[in-house]
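Please open the model in a viewer and keep the selection tool at hand. The stops below proceed from one strand pair outwards.

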Amino acid sequence: MSLPPEAIPATTPRFLCDAMLQRLGHWLRTAGYDVVMAAEGEADYARLRRAIDDGRILLTRDPALAKMRRAEKSVVVLQSDNLEGCAQELTERLAINWQLDPFGRCLQCNSLLASASQVTQAVVPEEIDRPLYYCPGCQQVFWDDSNVSRMRTHLSRWQDGDYCQSSD
Ligand SMILES: [Zn+2]
């Protein structure tokens, strides 16, 4: 379940992630960051404008974006062409905490997850005896499975500064 909002430092960056960096955005969300994905083909100025208006950092591989007016504080251009390299670069730039609030957000829609109610418990297979989480955004129910534990391991590896290029 998500940490209470006051437990997340106010200085924690929020992101707008370019379509070409979607996997990185997905991992940031997994770590608990507020990440909105840019639409494929959304114009440069529109993405930058959205990032500024919404107080988000635009993550991109496009160096032209950093040269735009007002981009200085709102754009981070990553150079690596693979996921692990991008994660490392971003961590060096913004001190990303990969253990901020793992699985506190819905990976599909970015909403904060809540603990599932008894009512919701009724709709999942009986053999699930683990805590359930509910997404108020897309109404899905989640629980920790082997995929989640694999992803948790991945996050701790990144938190320990271990970026293995070959695993991408
Ligand atoms: Zn959702």
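Select Cys17 and Leu59: Leu59, in β3, is the bridge partner of Cys17. The strands that hold the bridges here are β1 (residues 15–17) and β3 (residues 57–60), which pair in the parallel sense over three bridges. Strands count as paired if DSSP finds at least two bridges between them; the elements themselves are DSSP runs numbered from the N terminus, helices being H or I of at least four residues and strands E of at least two. The model is a predicted one, in which local features need pLDDT of at least 70 and side-chain atom pairs count only at pLDDT 80 or more, whereas totals for chains, interfaces and linings use all residues. Residue numbers start from 1 along each chain as its sequence is written.

**The parallel sheet**

Next, extend the selection to the whole sheet. It is an open sheet of four strands in the order β2-β1-β3-β4, with parallel pairing. At its edges are β2 (35–37) and β4 (75–77), each of which pairs on one side only. On average, neighbouring strands of this sheet are turned by 25° against each other, direction ignored. Now add helix α2 (residues 44–53), which packs on the sheet and touches β1, β3 and β4. The direction of α2 makes about 145° with that of β3. Such angles run from 0 to 180 degrees between N-to-C directions, and the axes are lines fitted to C-alpha atoms, for helices over the stretch in contact.

**Helix α1 and the larger core**

Is α1 mostly covered or mostly uncovered? Seven of the ten residues of α1 are buried, and the helix is mostly covered. A residue is buried if 20 or more other C-beta atoms lie within 10 Å of its own, exposed if 12 or fewer, and partly exposed in between, with C-beta atoms placed from the backbone. Select the buried residues of α1, namely Leu24, Gly25, Trp27, Leu28, Arg29, Thr30 and Ala31. Among the elements that cover them are β1, β2, β3, α4 and α6. Just after α1 comes Gly32, with a positive phi near 110°.

Centre the view on Leu28. Leaving aside neighbours within four places in sequence, Leu28 is in contact with Phe15, Tyr33 and Val35; contact requires C-beta atoms, placed from the backbone, to lie within 7 Å.

Widen the selection to the largest nonpolar core, which has 26 residues. A nonpolar core is a set of buried Ala, Val, Leu, Ile, Met, Phe, Trp, Tyr and Cys residues joined through C-beta atoms within 7 Å. The residues with the most contacts inside this core are Phe15, Cys17, Leu24, Leu28, Ala31, Leu58 and Leu59. Two or more residues each come from β1, α1 (22–31), α2, β3, α4 (83–94) and α6. The largest contribution is that of α1, with four residues. Apart from this core lies another, of eight residues, including Cys106, Leu132, Tyr133 and Cys135.

**The antiparallel sheet**

Tyr133 leads to the next stop: in β6, Tyr133 is the bridge partner of Ser115. Here β5 and strand β6 (residues 132–134) pair in the antiparallel sense over two bridges. They belong to an open sheet of three strands, in the order β5-β6-β7, with antiparallel pairing. The edge strands, each pairing on one side only, are β5 (114–115) and β7 (141–143).

**Helix α6 and two exposed residues**

Proceed to helix α6 (residues 146–159). Its 14 residues reach 20 Å from first C-alpha to last, close to the 20 Å expected at 1.5 Å a residue; the expected span is 1.5 Å times one less than the number of residues. Gly161 follows α6 and has a positive phi, near 80°.

Now select Pro5, in the segment before β1. Pro5 counts as exposed because it has 8 C-beta neighbours inside 10 Å. Draw a line from Pro5 to Leu112: the two are 107 residues apart in sequence, and their C-alpha atoms are 9.4 Å apart in space.

Then find Arg70, in the loop between α3 (63–66) and β4. Arg70 is exposed, with 11 other C-beta atoms within 10 Å. Arg70 and Leu132 are 62 residues apart in sequence and 43 Å apart in space, C-alpha to C-alpha.

**The whole chain**

Finally, zoom out. The protein has six helices and seven strands, running β-α-β-α-β-α-β-α-β-α-β-β-α from the N terminus. Along its principal axes the C-alpha trace spans about 55 × 35 × 30 Å. Buried residues make up 28% of the 168 residues.

Terms used
Two residues are in contact if their C-beta atoms, placed from the backbone, lie within 7 Å.
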